[in-house]
Amino acid sequence: MDCRHHPACPGCPLLARPYADQLAAKRRRLQAALDLYPQLEAGTVPPVLPALRTQGYRHRLKLPVARTRTGVHIGLYGAGHTVLHTPDCGVLHPALQAALPPIAHWLRDKKGVHSLDLRVTAHKGELQSIFACVGGDLHGGPRGARALMQQVPGLVSVAVSTADKARKRVMGSRPRVIAGAAALTEAIGETRYQLHPGAFFQVDPENAVQIHGLVRDWLDGARSVLDLYAGVGAYARMLAGPGRQLTVVEEVPQAVAAATAGKVRGIKVVEGRVEDVVGRRGFPARFDGVVMNPARKGATPSVMATLAGLTDRLVYVSCGPETLARDLDVAALHGLRVKELRAVDLFPQTPEVEAVVLLERGRPQTRWRWDGAAVQGPWQGRPSGAVGKATEVVALVVGMPQRKLQPPGARMAVLGEVATHALVRLETRPGGAKDALRFLASRGHPVAGQHGPTAPFFASKAGLLRPFVHIRRAGGAPVPLHGDLVVALRALGAPRKLVRAAGGPQ
């Protein structure tokens, strides 16, 4: 794909590569994420299923808006945090490209517009726009919105949301329609959906048929199905049929409204966070199958543990290879093992890859062997690493300890600095690691992920969902750093040399 905005625009980092090379890079990324957990025995990732099209595939854009001396710019942030103007972006559906110039012209006298969320349906080619505005009001109101609808062919719905006060998030909150249709009709295959403003939907509905086909095949025969992080209920509505009972869990109000539209027989929609709903009193105790499609951050260990008690068959759809591998590690502990895996390209020109994994009931993986040493995972309330009384521990602690600080009965070496925090190695007498870590905490250096005030930072920035403690030795051979900790170090910007020094991949 040729693009006059590349490489100044960061949206398509793989654009210069032949498409076959892009697919190979996506496959390597997914394989590398799974290889951090060799005990999963997930096998070799098969070739990535190519997209139906490599340009003009995006049916939705979410972009910041900036007023400049030459006019209004709509595009991604470029150098210096300036908004690029890319109305002819090659990955956008032609209808979006055609709509951007008149929208930008219309916005010239509309102050306070922070961003634009614009989608076009594959079903009818209708357009739906949301303007995130400071204070939540669009200059010109409904009358101005109706005027815009007359200028943009196919625009049938205009909504307004409240822009983030700090201007850090592109998406606004509480969208409401001020002109035109309350929702659009979209389709994936034969299944119809109602899309209210802001509701998540696949970026290329025609290409998403590949994902839906895998989900349908792997849940064949399941009479009761739980659809988690369900969005508009895409999988539940696709699976609905005689004799099937489907439970949908979703927290975004706009998506819940879409999931309940039409009152499809056999579908029950539960509004709320998956973490709060699943497993609570009164929730069904068993399902024949579960399908889940969480955001890039993945699920929580508690959710994965609960699901292992609810079903023997789970289909996990993921856009984040690293968090997917972590969640598969948790599932394996509770007896849900990888049965089959496929990868699909939904985002050509980018490194993003969608994975669909089938998990089925198997042997719980609580321990395994590494170079003669017994090894345990981290999801049982204990650190990852060697089984037994620790003699060598690797930990990430908050802040940088003074050079002379040494825990009693232990020898500490600071391996390096990671995002202003210290990656340390502690050598202790057998069983003395806990005392050494308590000492460091008492001196103002608690373990990352265990310290309340900083835990949200490590969770959001590095995906760290537990204390960063790894038992490297317990009297035997050294045990490699667990996969989730390797990912956390990389996300925090640790250089490869430092990750290797901690016991990460060579």
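**Two open sheets and the helices on them**

In this predicted model, an open sheet is built from seven strands arranged as E16-E17-E18-E22-E19-E21-E20, with mixed pairing. The edges are taken by strand E16 (367–370) and strand E20 (410–418); each has a single partner strand, so one side of each is left without a neighbour in the sheet. Direction ignored, neighbouring strands here are turned against each other by 20 degrees on average.

Within this sheet, it is worth pausing at one pairing. Strand E18 (residues 384–386) runs parallel to strand E22 (residues 469–473), and two bridges join the pair. Gly 385 has Ile 471 of E22 as its bridge partner. A helix is also found on this sheet: H10 (residues 433–442) packs there and touches strand E19 (392–397), E20, strand E21 (421–428) and E22. The direction of H10 makes about 145 degrees with that of E21.

A further open sheet, also with mixed pairing, holds six strands in the order E2-E1-E3-E4-E5-E6. Here strand E2 (71–74) and strand E6 (173–180) stand at the edges, and because each has a single partner strand, one side of each lacks a neighbour in the sheet. The average turn between neighbouring strands of this sheet is 25 degrees, direction ignored.

At one of these edges, E6 pairs with strand E5 (residues 155–162) in the antiparallel sense over five bridges. Ser 157 finds its bridge partner in Gly 180 of E6. Helix H3 (residues 141–151) lies across both of these strands and across strand E4 (127–133), running at about 65 degrees to E6.

Definitions and conventions: Residues numbered from 1 in each chain as written. Predicted model: local features only at pLDDT ≥ 70, side-chain atom pairs only at ≥ 80, totals over all residues. Heavy atoms only, no water. Pairing = 2+ DSSP bridges. Helix = DSSP H or I, 4+ residues; strand = E, 2+ residues; numbered from the N terminus. Axes fitted to C-alpha atoms, helices over the stretch in contact; angles between N-to-C directions. Contact = heavy atoms within 4.5 Å.
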